[in-house]
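Work through the exercises below with the sequence and the coordinates at hand, and try each task before reading its solution.

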Amino acid sequence: MTTLVTGATGFIGRHLTRALCQLGEPVRILARRTSDLSVLDGLRVEVVYGDLSDEAAVRVAVDGVQRIFNCAGLARDWGPWRAFQDANVTGVDHLLRAARAARGLQRFVHISTTDVYGYPNRRHVSEDAPYLDRRLPYNSSKIAGERLAWQAYRDYGVPLTVVRPASVYGPGDPHYVVEIVRYLRSGAMVLIDDGQIIAGLHYIDNLVDLLLLAGERPAAVGQAFNASDDLDVTWRQFVEHLATAAGTAPPRLMLPHDVAYALATAAETISRLLPIAGRPLLTRHAVENLGTHQDFPATRARRMLGYVPRVGFDEGMARVAAWLRDASIDR
């Protein structure tokens, strides 16, 4: 079975690509010529050059594959709306159009996010919860992209499975590890509501296990799955573990959610009106991510796919700490 992985040089994509290669599966990737393919060194992969904005390249990449993992996308808390639209909506549309015309396609696994639920700030949010568009670029664009995927499933029979990861972390993670360590070292790390918020952690190897199950099990077609380790670990616990691993002081800045959200709104307004100000120090996306419970149990994946997280929190943080000892992270 030949598998196409988009976003193969990203954090999730490269771990998935490595796992597929270790299983001996033929793997094709779609990559820009400017992509750093060194993260895939030692792996036998077929490379189609291009990206999801290039419909011709997408058709070439999809031709003859039996399975697609769409790991590509723009996952940031700040940036131009157009960039999110291009990556998370238009790119998904191009890939789905090619998938609709493909022969022999057995599975299309679309990597979405729990952000599509709109940060409801309640415990035990299942896959049956509705979308809530908060008009934040990442949240809005991922909802739009997922809606396109479900339309392709309903109207054209694309064999779709949607996986919605929560807070994915691990060695080399650019968001919940590298970015937080940078904030810790600069003294700018802020915890919302004293950090007593469920972080919704999902160790990268556990996510890859779930993705492989989603790409194999017949019962996964037509289903959406939350992807998390089902832990009650809070952001304070996670950040303090990171601080210890990085040899920095734990965060001292604490803000109530509503105050943080108001400050983030003001900071974003200033950054939009005065581009010279650059990226805001605090964004609404970051406040909602750190200040609302990210409690999205993987109950359906456990029940339908037999998913069981094999790397626990202590082991996951030990691996992150080992990586940080050798990593060079600028402030």
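**Exercise 1: a core residue and its surroundings**

Task: find which residues F238 is in contact with, leaving aside its neighbours within four places in sequence.

Solution: Taking contact to mean heavy atoms within 4.5 Å, one finds that F238 touches Y169, Y176, I180, L201, V233, F313 and M317 once those neighbours are set aside. The model is a predicted one, in which local features need pLDDT of at least 70 and side-chain atom pairs count only at pLDDT 80 or more, while totals for chains, interfaces and linings use all residues. Residues are numbered from 1 along each chain as its sequence is written, and side-chain values use heavy atoms, with hydrogens and water left out.

The next step is to place F238 in the largest nonpolar core, that is, a set of buried Ala, Val, Leu, Ile, Met, Phe, Trp, Tyr and Cys residues joined through side-chain atoms within 4.5 Å. This core has 67 residues, and those touching the most other members are L16, Y169, L211, W235, F238 and L242. Helix α6 (residues 204-216) gives the largest share of this core, eight residues, where helices (H or I, at least four residues) and strands (E, at least two) are DSSP runs numbered from the N terminus. Another core, of 25 residues, lies apart from it and includes A57, V65, F108 and A224.

**Exercise 2: the setting of L242**

Task: decide whether L242 is buried or exposed, and list what it touches beyond four places in sequence.

Solution: Begin with the helix, since L242 is found in α7 (residues 235-246). With buried meaning under 20% relative accessible area, exposed over 50% and partly exposed in between (1.4 Å probe, protein chains only), L242 counts as buried because its relative accessibility is 0%. Not counting residues up to four places away in sequence, L242 touches Y176, V177, I180, V181, L184, M317, V320 and L324.

**Exercise 3: positive phi values**

Task: what are the phi values of H124 and D230, and where does each residue lie?

Solution: As background, most residues other than glycine have a negative phi. H124, which is not a glycine, has a positive phi near 60°, and its place is the loop between β5 (107-111) and α4 (137-156). D230, likewise not a glycine, has a positive phi of about 55° and is found in the loop between β10 (223-227) and α7. In the last step, the relative accessible area of 57% makes H124 exposed, whereas D230, at 31%, counts as partly exposed.
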